[in-house]
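Please consider how the aromatic rings of this protein are arranged with respect to one another. The paragraphs below lead through them in turn.

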Amino acid sequence: MFRIAICDDMQPQATELAKMLTSLAGEIPMECEIETFRSFKLLQKALSENSYQLLFLETRLSGISGIDFARRLRVVDEEIDIVFCSSESESALAAYTVFPVGYLTKPVDGKKLRDVFRHVADKYRQKPSIVLRGIDGGERSICVDDILYIEVFGAELDVHCKKGVVVCSGTLVEASDLLSSSDFYRSHRSFIVNMRYVSGIERYQFRMVNGDRVAVAKNRYAEVKAAFHAFTGAKRSKRVGKEPGNAPT
């Protein structure tokens, strides 16, 4: 399910934008769920409980900066797509410091909205998934980007995702073979961790962005720590390359 959140205290405008997005989703076609929120506080609560792929944010609501809200969100979620949809154009340059996929001024131009939506929707549909055996004998398809870490208990795999745990059957070796991305790392005989969602490392465990702790093998702690710092260093370099003024010449 492709989920969109619109944060705007002008309800008629939010409703109209939701209608336009529903129509665009029908053109693809793609199953889409759209919710509207009147404040960043309400949106923040929803983000802690649900997974969204696309956010439409005003640049300022009730004196609160939407750009600052997006900046805080980027600390825990670098992947979510953000579009600023604002009554003002003056904040466009500042908005691009949090890497949105678009900046639209109101009233929203239908063609520009279509271009942004198609870009995000196409990217979402191309995201890789893995298929694991369900404990009921069926198959479970899981988006790779949603996986925080995988834990094994005997023949059971607990796939910890952004918004819950998917219980499957199999081995970590089987799961690891499906996860070709360099983001995933075997930190312990019982765990595979997605480095993108690690907030820090301390003695013999990773701290995950959702507050969970994932074990690190004691006899490999130095190796795992070095791998984590190498990964975060590479990630910082990539982000610096995105900063305004750092484009290749």
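The structure holds 8 aromatic pairs; rings of Phe, Tyr and Trp (its six-membered ring) pair if their centres lie within 6.5 Å, and planes under 30 degrees apart count as stacked, over 60 as edge-to-face and the rest as tilted. One pair joins tyrosine 149 and phenylalanine 191: the centres are 6.2 Å apart and the planes stand at 50°, so this pair is tilted. It links distant parts of the chain, 42 residues apart, with tyrosine 149 in strand E10 (residues 147-153) and phenylalanine 191 in strand E14 (residues 191-194). Helices (H or I, at least four residues) and strands (E, at least two) are DSSP runs, numbered from the N terminus.

This is a predicted model, in which local features need pLDDT of at least 70 and side-chain atom pairs count only at pLDDT 80 or more, while totals for chains, interfaces and linings use all residues. Residues are numbered from 1 along each chain as its sequence is written, and side-chain values use heavy atoms, with hydrogens and water left out.

Tyrosine 149 is buried, with a relative accessible area of 4%, and phenylalanine 191, at 9%, also counts as buried. Buried means under 20% relative accessible area, exposed over 50%, and partly exposed in between (1.4 Å probe, protein chains only).

In another pair, the ring centres of tyrosine 204 and tyrosine 221 are 5.4 Å apart and the planes are at 75°, so the pair is edge-to-face. Tyrosine 204 counts as partly exposed at 28% relative accessibility, whereas tyrosine 221 counts as buried at 12%.

Finally, ring pairs link Phe2, Phe117 and Tyr124 into a cluster.
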